[in-house]
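Okay, thanks for coming, everyone. I've got one structure to walk through today, so let me put it up.

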Amino acid sequence: MGVQGTLDYFSTLLSSTKKKKKKQTQTVALKIRMDCEGCARKVKHVLSGVKGAKSVDIDLKQQKATVTGYVEAKKVLKAAQSTKKKVELWPYVPYTMVAHPYVSAAYDKKAPPNMVRKVADTANISETTVDDRYVQMFSDENPNACSIM
């Protein structure tokens, strides 16, 4: 590290103690059960009251609420739960983002078009121990493998 690198290090060290960290703008999407315009209005009023919320968008057809601003997902979720409606974080992602979109855990009939439930990568089709035995039986590294191969 040269002289310039040392000066940069000390300047960032000294400046970081003086500055407050700025919060990042976040977008929090929620799935909220809303039946009518009155429900949507109530949810929008409650979510716009969350500290740091800049905009609130309600999509009644998809039953989705999107809050944008300097907010935390936990606070938005708690505020939405205060409306006494069924609330969860938006569980859907585009099907191109999931490795196995047709696994039973990912497929959802109620999902919007071209969307599936967000699932962990471990929720895919896994091999059983029976399949592993067959693979080892015919493996080239196995000295007791089938002589026909």
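I'll start with the overall layout, then go through the core, one buried residue, a charged pair, a pocket and two loop residues.

First, a caution: what you see here is a predicted model. The protein chain has 149 residues, and 23% of them count as buried. You'll find four helices and six strands. If you trace the chain along the sequence, the order goes α-β-α-β-β-α-β-β-β-α. And how do the contacts split by sequence distance? Taking pairs that sit at least 6 residues apart in sequence, 52% of the contacts join residues at least 24 apart.

Okay, on to the inside. The largest nonpolar core is made of 18 residues. Which of them have the most contacts inside it? Those are Leu30, Ile32, Leu47, Val67, Val71 and Val76. As for the elements that put in two or more residues, there are three strands and two helices on the list: E1 at 26-32, E2 at 53-59 and E3 at 64-69, plus H2 at 37-48 and H3 at 73-81. Helix H2 gives the most, with four residues.

Let's zoom in on Val67, one of the residues with the most contacts inside that core. Leaving aside anything up to four places away in sequence, Val67 touches Gln26, Thr27, Val28, Leu47, Ala53, Ser55, Val56 and Val76. So you can click on Val67 and find Leu47 and Val76 among its partners, and both of those are on the list of top core residues too.

Now Ala80, over in helix H3. Buried or exposed? Ala80 has a relative accessible area of 1%, and because the cut-off for buried is under 20%, Ala80 counts as buried. With the same four-place exclusion, Ala80 touches Leu30, Ile32, Leu47 and Val87. Here's another pair to look at: Ala80 and Lys42 are 38 residues apart in sequence, yet their C-alphas are 9.9 Å apart in space.

Moving to charges. How many salt bridges does the structure hold? Just one. The partners are Arg33 and Asp35, whose side chains meet at 3.9 Å, N to O. In general, side chains of opposite charge can pair when their charged atoms come close. The Asp35 end is exposed, at 58% relative accessible area.

Arg33 comes up again in the largest pocket. The volume there is about 270 Å³. It has 13 lining residues, and the closest to the pocket centre are Lys31, Arg33, Gln63, Tyr92 and Lys110. What's the lining like by class? Seven residues are charged, four are nonpolar and two are polar.

Gln63 from that list deserves a second look. You'll find Gln63 in the loop between E2 and E3, and its phi is near 55°, which is positive in a residue other than glycine. Gln63 is partly exposed, with a relative accessible area of 22%.

Asn114 has a positive phi as well, about 60°, and again this isn't a glycine. Where is Asn114? In the loop between strand E5, 92-94, and strand E6, 115-117. Asn114 counts as exposed, at 56% relative accessibility.

That's the tour. If you keep one picture, take the core of 18 residues, with H2 as the element that gives the most to it. Happy to rotate the model for anybody who wants another look.

Definitions and conventions
Residues numbered from 1 in each chain as written. Predicted model: local features only at pLDDT ≥ 70, side-chain atom pairs only at ≥ 80, totals over all residues. Heavy atoms only, no water. Core = buried A, V, L, I, M, F, W, Y, C linked by side-chain atoms within 4.5 Å. Buried < 20%, exposed > 50% of the residue type's maximum accessible area, 1.4 Å probe, protein only. Contact = heavy atoms within 4.5 Å. Salt bridge = Lys/Arg side-chain N within 4 Å of Asp/Glu carboxyl O. 1 Å grid on protein atoms, 1.4 Å probe; cavity = no way out; pocket = protein on both sides within 12 Å on 5 of 7 lines; lining within 4 Å. Points joined across faces, edges and corners; volume = space filled by probe spheres on them. Nonpolar A, V, L, I, M, F, W, Y, C, P; charged D, E, K, R; others polar.
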